Protein chains: 2
Amino acid sequence: MFVTLEGPEGSGKTSQGEALAATLSKRIPLVLTREPGGTEFGERVRDTLLSFGAPPLDPLTQLLLLSAARAQHVREVLRPALADQRNVLCIRYSDSSRAYQGGGDGLPEASVEAAIAIATDGLEPDLTILLDLDPIEGLRRRASAGTEGAQEGWNRFDARELAFHERVRTAYLQLARKWPERVVTVNAARPFDIVRAEILEIVLSRLAVDTTGGTP
Amino acid sequence: MFVTLEGPEGSGKTSQGEALAATLSKRIPLVLTREPGGTEFGERVRDTLLSFGAPPLDPLTQLLLLSAARAQHVREVLRPALADQRNVLCIRYSDSSRAYQGGGDGLPEASVEAAIAIATDGLEPDLTILLDLDPIEGLRRRASAGTEGAQEGWNRFDARELAFHERVRTAYLQLARKWPERVVTVNAARPFDIVRAEILEIVLSRLAVDTTGGTP
């Protein structure tokens, strides 16, 4: 099963992803990975995005650069892991391009979807957990996280105006309405352990369906 | 007018491009630029491509990464120069993706064209000079050029098999047949000054048409 974890700044993707992976990996073979890192090339892309933060690269450049990291990630990590019967938990994937470059930056949906199609070659998640959070709360959390937040690599978006983050959130919620079977929204404003338990329950129930209810 | 200079390794794109620019810039406002350099970001992309040369990045990753450099180049250099009534001479552009990632690496034409469409937003050259050369001669020239050749940034392709370069040449020649009005093939196996004079004549005659024969 291919699961992605999505959500805005400060919604807890990294900490929840690590907690979920720690629990799941005791039961099933699991690979925890992330975008735009996840490969040596992806790390380079992340560094490049950060170093061109002011002034930022053109949104189309960002879309294509992140898509390049995704293409490499799909071929180097995701496809081999899935072919090897391992499960994959990936922090950020195509929905981040839809929410940030599409919703946030306002790039045409056709360009975003074309870039995703080239990069993923049709590899879509079976399940996406969307950690939903009010942008003001997310930015507050990120600011108080200090240097640890800086390590996540997407914190250059913190400096953008709140309106951008509102558009990102709106786009994420639209994706959840568009693909209700795939995208499950979780309220990330609640205490960590509550959110953690809910994510685990969603993934385990989906895994059970996946292993008992599907066609062979 | 937007002119591009294309061709395989060792065909003389850089030296001919510089010679042409030196002559033309005495008559008309001209910007000489190149891909994947041409912007600070493009230089970073070139460095990245070189540093991941062994093993090379996935062809799709290369396509998207070079497209990211192109998107930035179009918006930061090409569009502003053309909007400012300057002429642009660009060494390598979309046809390089068609020839190398399409013809050489065998990526689907749909993916290559989709990436070009996203990156260029419809900006096509008015004229493309294709410096045609037998790959064996091109590789021989490049090898004898030593460290100077290494500065061009595309020399990592030198190590690939001759068959790759044959496919690149075939793809280039197909582009010239597909768009005979735009792509003019020049035999680059002849002495430098002969080739130089022919390129200058082609560009000047096109410029004359452009300034006297076109609709306003």
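Two residues are in contact when heavy atoms of theirs lie within 4.5 Å. The structure is a predicted model, in which local features need pLDDT of at least 70 and side-chain atom pairs count only at pLDDT 80 or more, while totals for chains, interfaces and linings use all residues. Residues are numbered from 1 along each chain as its sequence is written, and side-chain values use heavy atoms, with hydrogens and water left out.

**Exercise 1. Describe how chain A is built and how its contacts span the sequence.**

Step 1. Begin with the elements, where helices (H or I, at least four residues) and strands (E, at least two) are DSSP runs numbered from the N terminus; chain A has nine helices and five strands.

Step 2. Read their order from the N terminus, which is β-α-β-α-α-β-α-α-β-α-α-α-β-α.

Step 3. Turn to the contacts between residues at least 6 apart in the sequence of chain A, of which 80% join residues at least 24 apart.

**Exercise 2. Work out which parts of chain A are tied together by the salt bridge of A:Arg98 and A:Glu113.**

Step 1. Apply the rule that a salt bridge is a side-chain nitrogen of Lys or Arg within 4 Å of a carboxyl oxygen of Asp or Glu; for A:Arg98 and A:Glu113 the distance from N to O is 2.7 Å.

Step 2. Place the partners: A:Arg98 lies in helix α4 (residues 94-104) and A:Glu113 in helix α5 (residues 109-120), so the pair ties together parts that are 15 residues apart in sequence.

Step 3. Compare their accessibility, with buried meaning under 20% relative accessible area, exposed over 50% and partly exposed in between (1.4 Å probe, protein chains only). A:Arg98 is buried at 9%, whereas A:Glu113 is partly exposed at 25%.

**Exercise 3. Describe the interface of chain B and chain A.**

Step 1. Count the residues that take part: 23 residues of chain B are in contact with 23 residues of chain A.

Step 2. State the buried area, that is, the accessible area (1.4 Å probe) that two parts lose on being put together, summed over both; for these chains it is about 2100 Å², 73% of it on carbon and sulfur atoms.

Step 3. Look for charged pairs across the interface, where the rule finds two salt bridges. One of them joins A:Arg75 and B:Asp58, whose closest N and O atoms are 3.7 Å apart.

Step 4. Find the elements on the side of chain B that touches chain A: α2 (40-51), α3 (59-83) and α5 (109-120) of chain B each give two or more residues, and α3(B) gives the most, with 10 residues.

Definitions and conventions: Chains are lettered from A and ligands numbered from 1 in the order in which they are written.
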